[in-house]
Number of protein chains: 2
Amino acid sequence: MISRRSLLQQAGFASAALAMSELPGFAFPGEWLHSQEEVVPFTDVPENFTTINAQTKRVSGLDLRQLNAFLTPENNFFVVAHYGVPTVDAATWKLDVRGRVANPRSYTLDELKKRTRAQRECSFECGGNRAPAILNRMIGNARWTGTPLAPIIQEAKPTADALEVVLWGADEGEEQIRTEKFRQNFARSMTLNDLAKSDAILAWEMNGQPLTAEHGFPVRVVVPGWYGVQNVKWLNSLELSADRFMGRFQARDYVTIMGRQNGDKTEWVETSVTKIRTKSMIATVTRRPGGALSVFGVALTDGTPLKSVDVQIDEGPWVAAKIDTPPNPYAWSWFRAEVPAPSAGAHTVASKAT
Amino acid sequence: MISRRSLLQQAGFASAALAMSELPGFAFPGEWLHSQEEVVPFTDVPENFTTINAQTKRVSGLDLRQLNAFLTPENNFFVVAHYGVPTVDAATWKLDVRGRVANPRSYTLDELKKRTRAQRECSFECGGNRAPAILNRMIGNARWTGTPLAPIIQEAKPTADALEVVLWGADEGEEQIRTEKFRQNFARSMTLNDLAKSDAILAWEMNGQPLTAEHGFPVRVVVPGWYGVQNVKWLNSLELSADRFMGRFQARDYVTIMGRQNGDKTEWVETSVTKIRTKSMIATVTRRPGGALSVFGVALTDGTPLKSVDVQIDEGPWVAAKIDTPPNPYAWSWFRAEVPAPSAGAHTVASKAT
């Protein structure tokens, strides 16, 4: 459940009339986008909120209030780069497949591009995406082009004891581990079982263009339905391992602790961030002619069909939203709900998805 | 490779003539045990070395120099209890099978005991067992009796998304996680794949006796071929999980960092402690009539047949040891090698196993 405060007595600026951008494969009717209705401003947006990085002039995320396209443009798609953005030379780049395999080998970019071509349209968010902290800007939906990952692993012939594949990036930094410092590369792993069940690809294009440096040029992993951290950028090695990989981004960061009740006891469980948990996010609230509010937003899942989105003002009744679900289960859905006009003043609008 | 220093010019005490204790299932010939030969003392044993805890009067590990039985007696079998030893009432104890299962259920101790009875004779060591630090005393070989774990999981009918089983113990303590403190129970997990391939049991007997409190009364897990940490004591819950469990003893402690060379780069890889890595440990060195040294010790694997053990004095040639391998692949093997007499003075004796 995501909660936003909206200052309903103020209805400052109207949204710009926004042209629909490229909507290939799934065309939203106009009603899903900002209308000419009066936009109700949110009170939870800090004065200095911006998605533009002043130094790089790049957009570092999606301002959901401006959501107007089903595919998120590259420069509105959030970037997290724990060790900065490395420069990789595509001409000398290669991908090593190694470790617990009978047939280790390397691929050049050209060799990868000669393999089966696959597209994945999927939305993902950062494991740390939260409304209060960063206004849910760490989310996007894009079309990725590359080649399926599972066959590359299969062709390497994992040995019987291979448990998982470690996805190694070219980006590196120094990590304090107990009493010593070690230079390490970014890496994530996934079990071979999870990989076999996934539609993961090695991607070299985003929205029809070669990956930019920020998004992992020349090749990144895209695992539809998983949190962003699994989509390793600047990939240069696939390592089959008999042991669980326990690097920083697998076992220390991107670990969630959640409390749950078991009888009269609260149990605290730490688990790894992997598949996306169903979530809805409110993008805009507008006032319709007559005063009712129209709440618009996006919801995403791990590929499981979205059942419902409901919207609520303060502690009022939950109102079912209309959902437009794209044919591709990994892309986000947009939703819109009409709720009765509340009294003047500050209110909280919330949404929940199942 | 394990290295020990032995002060060869001193030949202080002879080992006591030790009667062979119970050797059921696998009888070692007398030659494997301490003979009347002169014992060569090790110089790496601290003055204050003892396996007896002064406060509890309990033995907290095996003094390998005294190794004289194939099965390690309960009070010589090492104990690690991160949150102390809890008192569990067997009359009210139950084991919950829960989480991502279609058929959750609970078992009393009597109900477990009515299930298929299974024995596992296996040796395991602590993931932190090291010659320099703790003189390899965190090792033992015992016979455990209980019931196979995998069928209990199968009968609970894991849902399609169940990835692993979390083994929860009754012992608990407070953990600092980022900025907050949480009360947590000891727990480890293993993938359902690993579980299916393993001979894991839920054990309530050790060497033919009910478990003592220190060894996990009333029920602990025993996973043959895995490090000690996996053998969760005071077990009270089996939780099927769709996510990787990342508690302290899975993801922060019992994580190994190892360097390896990849071209001109050293890669540091962190992995989880799971299956035992093949290892040999020297127990005693004796001087034979004529001056040659007889090096005696144990080796263990994850169940993979032991191929060889070799012994070396200083940087001299490796000498193949004679190995007596028990029929059960999970139990330790004992080895003995004869090496030529070195010059008087301090020397290093080492062994390696494959």
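This report covers the contact between chains A and B and the setting of one residue in chain A. The model is predicted.

**Symmetry of the pair**

Two copies of a chain are related by a rotation about an axis and a shift along it. Here, a turn of 180° and a shift of 0.0 Å along the axis lay chain B on chain A with an RMSD of 0.1 Å. That is the relation of a two-fold axis. Within chain B, B:Ala251 has the C-alpha nearest the axis, at 2.6 Å. The surfaces match as well: 100% of the interface residues of chain B are also interface residues in chain A, so the copies meet through the same surface.

**The interface**

Chain A gives 41 residues to the contact, and chain B gives 41 residues. Together the two chains bury about 3600 Å². Carbon and sulfur atoms account for 42% of that area. On the chain B side, B:Arg244, B:Met246 and B:Glu270 supply 22% of the area buried against chain A, more than any other three residues.

Polar links are counted in two ways. Twelve salt bridges join chain B and chain A. One of them pairs the side chains of B:Glu267 and A:Arg98, at 3.1 Å from N to O. Residue pairs in polar contact between the chains number 28, with both residues at pLDDT 80 or more.

Several elements of chain B give two or more residues each to the side that touches chain A. They are tabulated here with their residue ranges.

| Element of chain B | Residues |
|---|---|
| strand E7 | 164–177 |
| strand E8 | 180–191 |
| helix H4 | 192–197 |
| helix H5 | 248–252 |
| strand E13 | 255–262 |
| strand E14 | 265–272 |

E14(B) gives the largest share, seven residues. By type, the chain B side that touches chain A divides into 18 charged, twelve nonpolar and eleven polar residues.

**A:Gln312**

Turn now to a single residue of chain A. A:Gln312 sits in strand E17 of chain A, which spans residues 309–313. Is A:Gln312 buried or exposed? The relative accessible area of A:Gln312 is 8%, under the 20% cut-off, so A:Gln312 counts as buried.

What does the side chain of A:Gln312 lie 3.0 Å from? A polar atom of that side chain lies at this distance from the backbone oxygen of A:Gly316. Leaving out residues up to four places away in sequence, A:Gln312 touches A:Pro317, A:Trp318, A:Thr348, A:Val349 and A:Ala350.

Definitions and conventions: Residues numbered from 1 in each chain as written. Chains lettered and ligands numbered in written order. Predicted model: local features only at pLDDT ≥ 70, side-chain atom pairs only at ≥ 80, totals over all residues. Heavy atoms only, no water. Contact = heavy atoms within 4.5 Å. Buried area = accessible area lost by both parts, 1.4 Å probe. Salt bridge = Lys/Arg side-chain N within 4 Å of Asp/Glu carboxyl O. Polar contact = N/O pair within 3.5 Å; in protein donor to acceptor, adjacent residues only side chain to side chain. Helix = DSSP H or I, 4+ residues; strand = E, 2+ residues; numbered from the N terminus. Nonpolar A, V, L, I, M, F, W, Y, C, P; charged D, E, K, R; others polar. Least-squares fit on C-alpha atoms with pLDDT ≥ 70 in both. Buried < 20%, exposed > 50% of the residue type's maximum accessible area, 1.4 Å probe, protein only.
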